[in-house]
Structure formats: C-alpha cells, structure tokens
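Here is a friendly walk through a protein model and the ligand it holds. Please keep the viewer open as you read.

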Amino acid sequence: MISYQEAVTAICRTIKPLPPIRVPLADGLGRVLAEDAHSNLELPPADNSAMDGYAFALDTVADGCLTEVGFLPAGEQFEATIAAGQAVRIMTGAPMPAGCDTVVPLEDTEQLGNNQLRLRKSLKRGANVRYRGEEFKTGEKILSCGQQLDPAAVGMLASAGITHINIYPAPRVAILSTGDELVELGETPDKGKIINSNAHLLAACLRQDGFTPMLLGIAKDQPGQLEASLRQGLEADMLITTGGVSVGDRDLVQETLSSIGFKTIFWKVATKPGKPTLFGMIGNQPVLGLPGNPAASAATYALYARPALRLLSGHQHPLAPRLKVKLGSALKEGGKRLHFLWGTLEVVSGELYFYPSHRQGSGQNRSAVGAQALFPLPIDSPPLAVDEMIEVIMLSLPQEQQSS
Ligand code: AMP
Ligand code: MG
C-alpha cells in the first residue's frame, strides 16, 4: 500500500494538460492561459489627464493664477495652441493638450470669475498626468502562460485589444456510479436500495470547481453492463467511478477497466477514508476509481480528483495550499493510516483555529458539510491538545469570527 504523498506524486507525474483551444475572450473566465498574452496596442494611447481639472504648463503660471481658454472632454482632442498662463478645463481620460504638462484637480482650484482661477496648492510638473504606454506598450507581455483568468485579467486583456485567447479547456468529467444497491434520486428505494447520492455530490464538486460533469448514471455490479458504461466514459477528458474498487466479491471496477485498456498506476493508499482509491490511465485519459462510501468519495475527490483536474486544466500548482493553524478541540491518537478529518476554520481573537467536525466516521458525509479544511492526522500521532499547531489542507476560505 502506498502513502498519500506517493499517491499525489504519482498523479502529478502522470497527468499532462489537455490540448489548448482558442476561444473568444469572454469564454476564458476561470480557465488557464496556454500562451503568454501580449498587448495589441499601447495604453494609454496618449498622455492624458488622471483627474477632472485644468491642464496647463507649470512653468508659465504667474502668481498661482491661470486663465481658462477651453474645455476638453474625454474622447476629443484639443486643437488650439495654449499660451503662457492659460489652462484648459479637462476631463479624466482626455488627451493632454499640446504644450501642457500638468493637471490641477478641480477641487484644488478657486474660481475668481472672468475665466480666471487660482491654484490652491503647489503642484509638481507632471502631476495628475497618465503617460502614453504607461500601462503597457504594443507587443508587451501582459500575462504569462499558466495564469488563471479572473475577472480582472479578462478586463485587462480586453483593454489590450485581445479578442481571442488560447486556453486549456475545462475538463469534461464522466461520472459513473457503480452498485447493485443504487437507484436514482426521485425513485423510491425498495428494500435494501439506496439513492445514488455520489453522482450529485461529485457533479456539485465539479461544477463548483469550474469543470463539466457528464453523468453516466448507475452501472450494476455485472461485468457486461459495467464495461458498456465504462466505455461511454471514454468520451470524456477524465473518468471518475465510485464504488466497486474494494476487495468485495462484487467489486469489479478495476478488473473491468483492465479489459478496456486501463493501466493501474496505484490502488490502495494508506489513508482513512479512501483506502481502496484506484488511479490509472486508459491511453491519455486519467481514470480515478473512488470508494463508494459517500464520505470517502467526498474526501478522495478533494485529495485526488481536484488536483488531477487542475493538472488537466493547465494549473502549475495543482495541490490545495496548506496552512498552519491552531487546533480548536482535542483529538485522540492517530492510527495505522493517515486519517483525514474534516473541519471548519474559524478566526478566534485574530488567530485561525481548526475545529474538527463531529461524526467524522459518518458514511453519509455529515462531517464534510460546511468543512473548509482537511487535517491529515499523522500515522501513530500522539493525542493532540487544544491550541497545538497543526497543518491543514485548505478547501475554501475561513469563516467569520466566532461570536463567543
Ligand atoms: P463500495 O465501495 O461499492 O463497496 O460501496 C461502499 C458503500 O458505499 C456501500 O455502503 C454502498 O452502498 C455505498 N455507496 C456506493 N456507491 C454509492 C453511491 N453512488 N451513492 C451513495 N452511496 C454509495
Ligand atoms: Mg459496491
């Protein structure tokens, strides 16, 4: 049995990004750039005013006074020539009139009547002027390959005149639930049957992470049907199965996968939950077989599927960040496998605490609801007391401060 670290390393070594595609900029949100992005233009296109105010030549001001000789809104040019001591009323973004080098904001001027104004403060030459090309020059690299596009990045690319970009596509992920005991949500489970909740869990995980789920439904624990369903999953960029990867008589997933070209990279990891996790490839397609127990499916999604999908998506740092925090409630000693505990992160008097969820053993995932981190309690760890420093795997952002 391999360790969690070995399992993650194997995934990182195996999975390569999907082939890039070219898309309109608007479709790039959340995706990773597959090329450096270079500006198509210069920004700002000309020296311009950073404020609503008056543009003038600083050296020509006499006794702090200026004469207003014109008005210039953004989007227009000032064609006339400015003489000494003259100023143009200028709006933010309007190009600097020829001969002017400084802008005084409206609120720093005093109107004296008769088109005369006085400067209320002294200014440096160039104050409140944005210079041509200050943001970027034509051809300048503005984002690097590997950058995930957030709204600000999309806006910046638009400002640089970039209409289309090369990105790594969002992986399409086939989800196959296996088990004779499963029925779909909405059906009434007869005796001994349970609802296929894992498909909903995993589809929700995928959607939240920006990936595209393809639901293949339920396959019975029967080789023929299992094979047909697994083959449907070959159309996706990655295949995730749940159930049927343990050592039970009806655990047929690995064997059936092998009959359609699957090569095992690892099976069984020394963790709790998640021991029977299976990972391998069918050609270029990664396949993860997650244990069927919903709590194990949720944990192994976060531990293995998410990093695998981030690798396919072109992320250079696929693993969730780890954070040193204080333990909020005492824990019993560790066992023979790395034990992942769900918990919340809470700020208490300015310090971040991890509170392990109740009912960690629940097969039904209750402890994962609302959790923001997983704590890997080390093998053979001694009991841990409140306030001990521990390192947790971040899943989402901390909660607001506790009221108590
Ligand atoms: P398995 O990994 O197939 O041995 O299943 C382990 C446990 O998880 C069993 O109690 C199953 O009934 C349950 N289980 C398996 N698949 C699902 C599923 N898709 N949704 C909910 N529970 C499941
Ligand atoms: Mg099963």
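The report below covers the ligand, its pocket and a few backbone features.

This is a predicted model, in which local features need pLDDT of at least 70, side-chain atom pairs count only at pLDDT 80 or more, and totals for chains, interfaces and linings use all residues. Residues are numbered from 1 along each chain as its sequence is written, chains are lettered from A and ligands numbered from 1 in the order in which they are written, and side-chain values use heavy atoms, with hydrogens and water left out.

**The ligand**

Let us start with the shell around ligand 1, which has 16 residues (a residue is near if one of its heavy atoms lies within 4 Å). Glu181, Asn196, Gly244, Gly292 and Asn293 come nearest. By class, the shell has four nonpolar, ten polar and two charged residues (Ala, Val, Leu, Ile, Met, Phe, Trp, Tyr, Cys and Pro count as nonpolar, Asp, Glu, Lys and Arg as charged, and the others, Gly among them, as polar).

The table gives polar contacts of ligand 1, that is, pairs of N or O atoms within 3.5 Å.

| Ligand 1 atom | Protein partner | Distance |
|---|---|---|
| oxygen | Glu181, side-chain N or O | 2.6 Å |
| oxygen | Asn293, backbone N or O | 3.0 Å |
| nitrogen | Asn198, polar backbone atom | 3.3 Å |

Taken alone, ligand 1 exposes 490 Å², and the protein buries 75% of that (Shrake-Rupley method, 1.4 Å probe). Strand S14 (172-178), strand S16 (194-195) and helix H3 (197-208) each give two or more residues to the shell (helices, H or I of at least four residues, and strands, E of at least two, are DSSP runs numbered from the N terminus).

**The pocket**

Where does ligand 1 sit? Its place is the largest pocket, as more than half of its atoms lie within 2 Å of the grid points. A pocket here is an open set of points on a 1 Å grid over the protein atoms alone, where a 1.4 Å probe fits, with protein on both sides within 12 Å along at least five of seven lines; lining residues have an atom within 4 Å of a point.

The space in this pocket is about 560 Å³, a volume filled by probe spheres set on the points. Its lining has 41 residues, and Pro291, Gly292, Asn293, Pro294 and Ala296 are the closest to its centre. Helix H6 (294-312) is among the elements that supply at least two lining residues, and its four residues are the largest share. The lining divides into 14 nonpolar, 20 polar and seven charged residues.

**Backbone features**

The peptide bond between Leu43 and Pro44 is cis, with omega about -10 degrees, and Pro44 lies in the loop between strand S3 (37-38) and strand S4 (48-49). Another cis bond runs from Lys272 to Pro273, with omega near -5 degrees. Asn114 is not a glycine, yet has a positive phi of about 60 degrees.

Technical notes: Polar contact = N/O pair within 3.5 Å; in protein donor to acceptor, adjacent residues only side chain to side chain.
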